[in-house]
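Work through the exercises below with the model open. Try each task before reading its solution.

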Amino acid sequence: MKHLLSAADLDHDEAVAVLDAAERMAATQAREIKKLPTLRGQTVVNLFFEDSTRTRISFETAAKRLSADVINFSPKGSSVSKGESLKDTVLTLGAMRADAIVVRHPASGAPSRIAGSTWTDASVITAGDGTHQHPTQALLDAMTIRRHLKAGAGDLAGRDLAGLSVMIVGDVLHSRVARSGVDLFTTLGAEVTLVAPATLLPVGVETWPAARFYDLDRALAEAPPDALMMLRVQRERMSSAGGGFFPSPQEYTREYGLDARRAAALAPHAIVLHPGPMNRGLEITSEAADGPRSVVVEQVANGVAVRMAVLYLAMTGEKEPAV
Amino acid sequence: MNYLIKGATLPGGRRADIRIEDGAIVLIGRAGAAEGAKVVDADGLIALPGLVDVHTHLREPGREDAETVLSGSRAAAAGGYTCVHAMANTYPVADTAGVVEQVWRLGRDAGYVDVRPVGAVSVGLEGRHLAELAAMARSAAQVRVFSDDGMCVWDAVLMRRALEYVKGIDGVVAQHAQEPRLTEGAQMHEGVVSSQVGLAGWPAVAEESIIARDVLLAEHVGSRLHVCHVSTAGSVEIIRWAKARSIAVTAEVTPHHLLLTDELARTYDPVYKVNPPLRSADDVEAVRQALADGTIDVVGTDHAPHPREAKDCEWAAAAFGMTGLETALPIVHQLMVETGRMTWAHVAEAMSARPARIGRVASQGRPLAVGESANLTLFDPAANWKVVPELLQTASGNTPVAGRQMRGRTVATFYAGRPTVLDGRVLEGVAG
């Protein structure tokens, strides 16, 4: 794996291998000395055209735990008209001999453009591009789900998500988390259900390998999830073209929010995920976010392990970590 | 210089010699000796009336970094054209008699094709006030086609007024059909592919709803409407319905909408970013069928050159548009003629006669016949060539068919009796 541009790039065995590698990385993080010498002398650039402190520090932590040198670069402009072009930025990083570039960009496909260009030889890892993909988020979600719901019979290694039901609720239209999740979870054998108002589902979603509901309560009753993922709703979605994608935050919360009542109706083993940052009181109430089913904080910890695994596999070219 | 074209195949299939003297065709049939004329061997070549493009962006004035009237004219000649309609979205906009006369003169000075400027419908393409259409019509440029192409005349009242007003100058409004509110931020066709690649969708209904409105307006006020770059199956159905009602509507399809689909957006290569966007395979089949059955009248290239930096970036930041003058006829040949969907006579109608009638260009689009001005092109259907952007005449490299094999090539083009292309090479210094 030289690049990781999309969760759809991973086939079943590759995806399981990344999760297994992430578990081995996580095991090293329980040691007193967390730092591994694996990527010593290599340089990872976090190229973030969009603000995201959480994702950036997760990648930065992962790279540093592998002893890579880390450079954070957050250009202000993101297009030809707004300052330096993507091409010139990447050429500059290439000239500085970056070994891997972790890219977050508001334009869908920008990391693919970099990876497919002659601008750099570096590995390109997508850290979220537009409304396209966020593959390490899907991997950390899968890791979290696997830990909770597949650990029953001993060793996790080699296991996938077969037989599990994953429900994704919210703004699927604009969500790279949802697209990556649908790709990865179905690759790993899970059944995926999407729940959203029709305004927040893309035209074409009917061809996705996922069931769809417009009614959350009906979905919870008819397709009870083992893992329930609540997507972040951006408040600006209420004021964009056409007067907004939904009428009011209050109506959204009533129809699609996860509150204590809905959380209590979940199966006893079910877990609740959120990619963060949460809008408490909009898509999830504090009772649900902080309740016993919530694995939100654990997702963050697993994010570091997953990103260590991805950087390791992409930068060393090996199939599994020697740690 | 006089010319004798030997053994060409006419659009109807008959083989004949064509003698050109003093700019006109003086004989079609069996010629004897050359009698001092330069002989052009046309054995195996199709002779077509010079092609006429209703939709070309020559970019001058203002964006000479992308194309000039001269470079675009050379590209047109290389593609078999003898007339192009230069769209109005230049800098400054071609919304006054002064600008359209400038473009017309640049075309005349270049000397490769008739450059017929298109006038803007509205001042500055802003969609608020009518430009001085009559002034442009009565200028030396004799504008008959008016379009805000690149922008839609979205205001129904302005569109109505434009349709009414051009009746007095025998003009036509060429509409870029795009409902603006439905396409804010749109990047590609809205459908299966956009849902997966996460690029904002440009729905078919945004095109179809404007076309439906406009054919009804054209019927109501009894005027002529031309629909630019039809790209969807639904648009075809609306135009078919309008024609059945005898509404005076004509429609155009581009070579790229005949050939390519939205699947190419998966590459994120902005060379495939165009407006209207590449559509689904079903839409492609619908526009092919519509061209074959005459629902779509003409092939227009929407040749839209852009400098490299406008495409050497992420998709969302890239400009819309692709070049097409030099590959239009090979694409139509491959898709429509080789498949048996169109005859060469039909191609001559769709790429020469009808576009000339839409633009009211009297000397163009005429049949190959004695007494007609010698505007014609010779096409070798057996020639295979690979598209190498650097080898094309256009000043820009944004062809969507780079690296593809083309079936057939323009060998010679005669414009008003003088060759602009001979032996497949664009000639220098053709201006008379």
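**Exercise 1: A charged pair in chain A**

A:Arg147 has a relative accessible area of 29%, so this residue counts as partly exposed. The model is predicted.

Task: Find which side chain A:Arg147 meets in a salt bridge, and classify that partner as buried or exposed.

Solution:
1. The partner is A:Glu23, at 2.9 Å from N to O.
2. A:Arg147 sits in helix H5 (residues 135-149) of chain A and A:Glu23 in helix H1 of chain A, so the salt bridge ties together parts 124 residues apart in sequence.
3. Buried means under 20% relative accessible area. A:Glu23 has 16%, so A:Glu23 is buried.

**Exercise 2: Two pairs in chain B**

Task: State where the partners of B:Glu164 and B:Arg407 lie.

Solution:
1. B:Glu164 bridges to B:Arg160, with the closest N and O atoms 3.3 Å apart.
2. Both residues belong to helix H4 (residues 156-165) of chain B, four residues apart, about one turn of the helix.
3. B:Arg407 meets B:Glu338 at 2.8 Å, N to O.
4. This pair links distant parts of the chain: B:Arg407 is in strand E17 (residues 405-415) of chain B, and B:Glu338 is in the loop between helices H10 (328-337) and H11 (344-359) of chain B, 69 residues away.

**Exercise 3: The edges of a sheet**

Task: In chain B, an open sheet has the order E9-E10-E13-E14-E15. Which strands stand at the edges?

Solution:
1. The sheet has five strands, with parallel pairing.
2. E9 (145-146) and E15 (298-299) of chain B each have a single partner strand, so one side of each lacks a neighbour in the sheet.
3. E15(B) pairs with E14 (residues 249-253) of chain B over two bridges. There, B:Glu252 stands opposite B:Val298.

Note on methods. Residues are numbered from 1 along each chain as its sequence is written. Chains are lettered from A and ligands numbered from 1 in the order in which they are written. This is a predicted model: local features need pLDDT of at least 70, side-chain atom pairs count only at pLDDT 80 or more; totals for chains, interfaces and linings use all residues. Side-chain values use heavy atoms; hydrogens and water are left out. Two strands pair if DSSP finds at least two bridges between them. A salt bridge is a side-chain nitrogen of Lys or Arg within 4 Å of a carboxyl oxygen of Asp or Glu. Buried means under 20% relative accessible area, exposed over 50%, partly exposed in between (1.4 Å probe, protein chains only).
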